[in-house]
Amino acid sequence: MAVDITEKTSAVPLLESAEAALAAADAVATQVQADSAERERSGASLLPQLRAVATAGLLAVPVPAEHGGPGFPASVQIEVLRRLSRGDAALGQLLLAHFVVSQAISALPPDAPQAARIYRDILAGAQLGNATAERGTASPLHRNTTVRRRDDGRWELDGTKYYATGALGAAWIAVAAGIAGTDGETATVFIRPDQDGVTLNLQKWSAFGQRGTLSGEIRLDGVVVDAELVIEEGAPPHPVDGPPTVLGAYDQALHAAIDIGIARAALEDGAEFVRTRSRPWKEALDAGFERADREPHIVRRFGELTARLYALEALLAAGAALVDVGQAQQELSRDTAAAASLKVAAAKALAQEFAVEIAGGIFELTGTSGTDGAANLDRHWRNVRTHSLHDPARWKYVHLGNHTLHGTRPPRLGLAL
């Protein structure tokens, strides 16, 4: 299932401006949107769509300039993912891990072998996947997967991962593991999906939404890994006293971008359905409205949903701009990191409400015909309802409330905030 990256780097264009990157994202989104409803219904693989992203040069969007990439700010990267998610929700989520892992390794020293090797492959069209979360642990942040040093200088990886989003089509999969024999130290280990001891059971995925992500299971049995593909991270930082970072805000902004991209697709598809297929209610006909899209109550409700979408998009843009500010600071301040985290948390939490409302609200306006399986408009609600649960909005509201009431900065919780 891995993408072939044997082609030369020159075969993949390097997008040299934000305008070029956004135009490429729009072009791919338009291409994949055309058959997204049928693809989701039939369960067709998204591998061709992932290859379209790669050949458009969009996988290199998060690669820093010092490693030969375009060096775009976080806001451009986030907007690219929002636009791709508008085209196909599962495609957007499949690429989230690629963006986050690419961003994470940018914190390594410029001469780090992991960064040089992974970035080189990305520029040639390689996609990164994720194997972080597990089932049966005390919390989503705990890991039973372990990696241990071998006498020959290499490492050996064992465990079972679930929610392995992005493993479909990936050339490299970033695995989060605890280091055996240490007091809670962790590591990120890069593996190939076709290595000995790696078993992908991605079809082991039964969620009612985001079906195309195939975010199933990866089994790791004695996987031997070269030392240069292991990033030792030490013990997890203290949630209050740990060094400030905007990586969590960046990750959450990408998650919000997926939900907000889905909301726009739902609103646009719902409007198209009402314009072309819905019939006016009898009372509307009696009042002289011969088309459903002219009925005042329908027009007003579309206006309400549009206002909610505008609010989400503006809040996401504001949060992304603060992530840019944090990344541009030579020495990131705690206040800057907190401001970015809180603004993005608000966007993510509100998306869990408004994006879900938009995706479900269109059915009030399409009428019963909008529930026809051939239209598959319900995929938008299923997708955003499934993905929006990724992080609980209730805790984001608690952090926002504590900051307003007491000036308390939000805790550092890995990629959750």
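This passage describes helix α5 and the aromatic contacts of a predicted model. Local features were taken at pLDDT of at least 70 and side-chain atom pairs only at pLDDT 80 or more, whereas totals for chains, interfaces and linings use all residues. Residues are numbered from 1 along each chain as its sequence is written, and side-chain values use heavy atoms, with hydrogens and water left out.

Helices (H or I, at least four residues) and strands (E, at least two) are DSSP runs numbered from the N terminus. Helix α5 comprises the 16 residues 89-104. With the expected span defined as 1.5 Å times one less than the number of residues, α5 should extend over 22 Å, and the 23 Å between its end C-alpha atoms agrees with this value. The helix bends by about 30° at Leu95, the bend being the angle between axes fitted to the seven residues ending at a position and the seven starting there. At the N-terminal end, α5 is capped by Asp88, of which a side-chain oxygen lies 3.0 Å from the backbone nitrogen of Ala90. Residues were classed as buried under 20% relative accessible area, exposed over 50% and partly exposed in between (1.4 Å probe, protein chains only). Because 15 of its 16 residues are buried, α5 is largely enclosed by the rest of the structure.

Rings of Phe, Tyr and Trp (its six-membered ring) were paired if their centres lie within 6.5 Å; planes under 30 degrees apart count as stacked, over 60 as edge-to-face and the rest as tilted. This rule yields four aromatic pairs. One of them, between Tyr162 and Trp205, is tilted, with 6.4 Å centre to centre and 50° between the planes. The pair joins distant parts of the chain, 43 residues apart: Tyr162 belongs to the loop between β3 (155-161) and β4 (172-179), and Trp205 to the loop between β6 (198-201) and β7 (217-225). Tyr162 is buried at 5% relative accessible area, and Trp205 also counts as buried, at 19%.

Phe208 and Trp381 form a stacked pair, 5.9 Å centre to centre with 10° between the planes. Here the partners are 173 residues apart, Phe208 in the loop between β6 and β7 and Trp381 in helix α11 (residues 378-387). Phe208 is partly exposed at 43% relative accessibility, as is Trp381 at 32%.

Tyr162 also belongs to an aromatic cluster with Tyr163 and Trp205. A charge was placed over a ring if NZ of Lys or CZ of Arg is within 6 Å of the ring centre and within 35 degrees of the ring normal. Arg135 lies over the face of Tyr162, 3.8 Å from the ring centre, and Arg192 over the face of Trp172, at 4.0 Å.

Key. Polar contact = N/O pair within 3.5 Å; in protein donor to acceptor, adjacent residues only side chain to side chain.
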